[in-house]
Amino acid sequence: MPELPEVEVVRRGLVPAVTGAHVAAVTVHDQRSLTRHTGGAADFESALTGTDLVCAARRGKFLWLPIAGVARAVVGHLGMSGQILLREAGAPPERFERIRIDLAHPDHGELAMIFADQRTFGSLAIDTLVPTADGAPGGCGDAASLVPTQVAHIARDVLDPAFDDRGFRAQLARKDSAVKRVLLDQTVVSGIGNIYADEALWAARVHPETPARSLSTRTVNALLAQIRLVLEKALAEGGTSFDAQYVNVNGQAGYFAHSLNAYGRTGQPCPRCGRPIVRVSFMNRSSHFCPRCQRLTR
DNA sequence: GGAATAACCTGGATGC
DNA sequence: TGCATCCAGGTTATTC
């Protein structure tokens, strides 16, 4: 499942290919991958064809490619199973290929940038760039203080230099909800999904259903530190791949699945105390935690 | 206004 | 072997 580390791996892979690239052609195979685009497939194809791309930027799980000369960008979200792959021009169709963007790069020649998505939760769109509310750069990879309108309501992620630690603590102090629910709320902190929420809570020894406002400042600081550690470690290992659901732009899997301590380890011993990791239903999904290390305190 | 829940989606795994 | 059901989860609309 693409969360911040996986999306950042994709962004880094895209940078050399899209920076300064010319969009030679666009082919939409499946309209469902344009759910965030308001104009339909023909509009997407015509609006993007013939433009030049500036760079690859990211905030949380959202990616965008600013278009040269206009305040617009191609915005992408990988959803559950989305992939952005770079292939040679004219490469055969990928399994679950939804959109193909043919690029002509001054240094790398012709490339195919392919958006593939099995479950079609992800999408691409062309969106307007607007100034950021805090005047800081819109996201990782772009110095401009601009962000797509679809991303403007998303909070910064914890690896963003402009992330507001104090504001994060203040938001938690106002929330009655379970801390895990708050971590998954992209308007509070972006980039964290089910996997890294479970891992960070395990590392900080916090029960996922602990009311956010009941956490001490010390515990929130520790949690914040563990979120950063987990995300940075996952990024260093190329992200988490359980199957073919997540790969980088070259189709290669990440290795962080081997470093997971809680997520997906139901019944296996906690690496810290040896007690079996438990799985409970939470928000239409699963929470994994150690019942001994992560005691529920209200 | 804040919080909780359902729906969207599809292929693999599992059970019968 | 084949069919039915369950499960995975990010985002958003809807409901409470």
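## Pockets and a buried glutamate

The second largest pocket is lined by 19 residues, and those nearest its centre are R59, D134, I154, A155 and R156. The model is a predicted one.

**Exercise 1.** Describe the second largest pocket by volume, lining classes and main contributing element.

*Solution.* Start with the volume, which is about 270 Å³. Next, sort the lining by class: 10 residues are nonpolar, 5 polar and 4 charged. Last, look for the element that gives the most to this lining: helix α3 (residues 165-174), with 3 residues.

**Exercise 2.** Describe the largest pocket and find which elements give two or more residues to its lining.

*Solution.* The space in the largest pocket comes to about 580 Å³. Its lining holds 20 residues, and K61, G79, M80, G193 and R285 are the closest to the centre. Two or more lining residues come from α5 (194-203) and from β11 (285-289). By class, the lining has 10 nonpolar, 6 polar and 4 charged residues.

**Exercise 3.** Decide whether E3 has a salt bridge, and list backbone nitrogens that its side chain contacts.

*Solution.* First place the residue: E3 sits in the segment before α1 (4-18). E3 is buried, and its nearest side chain of opposite charge is K61, 5.5 Å away. A salt bridge needs the nitrogen and the carboxyl oxygen to be within 4 Å, and E3 has none. Then turn to the backbone: the side chain of E3 reaches the nitrogen of G193 at 2.6 Å. A polar atom of the E3 side chain also lies 3.0 Å from the backbone nitrogen of I195.

Key: Residues numbered from 1 in each chain as written. Chains lettered and ligands numbered in written order. Predicted model: local features only at pLDDT ≥ 70, side-chain atom pairs only at ≥ 80, totals over all residues. Heavy atoms only, no water. 1 Å grid on protein atoms, 1.4 Å probe; cavity = no way out; pocket = protein on both sides within 12 Å on 5 of 7 lines; lining within 4 Å. Points joined across faces, edges and corners; volume = space filled by probe spheres on them. Helix = DSSP H or I, 4+ residues; strand = E, 2+ residues; numbered from the N terminus. Nonpolar A, V, L, I, M, F, W, Y, C, P; charged D, E, K, R; others polar. Buried < 20%, exposed > 50% of the residue type's maximum accessible area, 1.4 Å probe, protein only. Lys, Arg positive; Asp, Glu negative; His and termini not counted. Polar contact = N/O pair within 3.5 Å; in protein donor to acceptor, adjacent residues only side chain to side chain.
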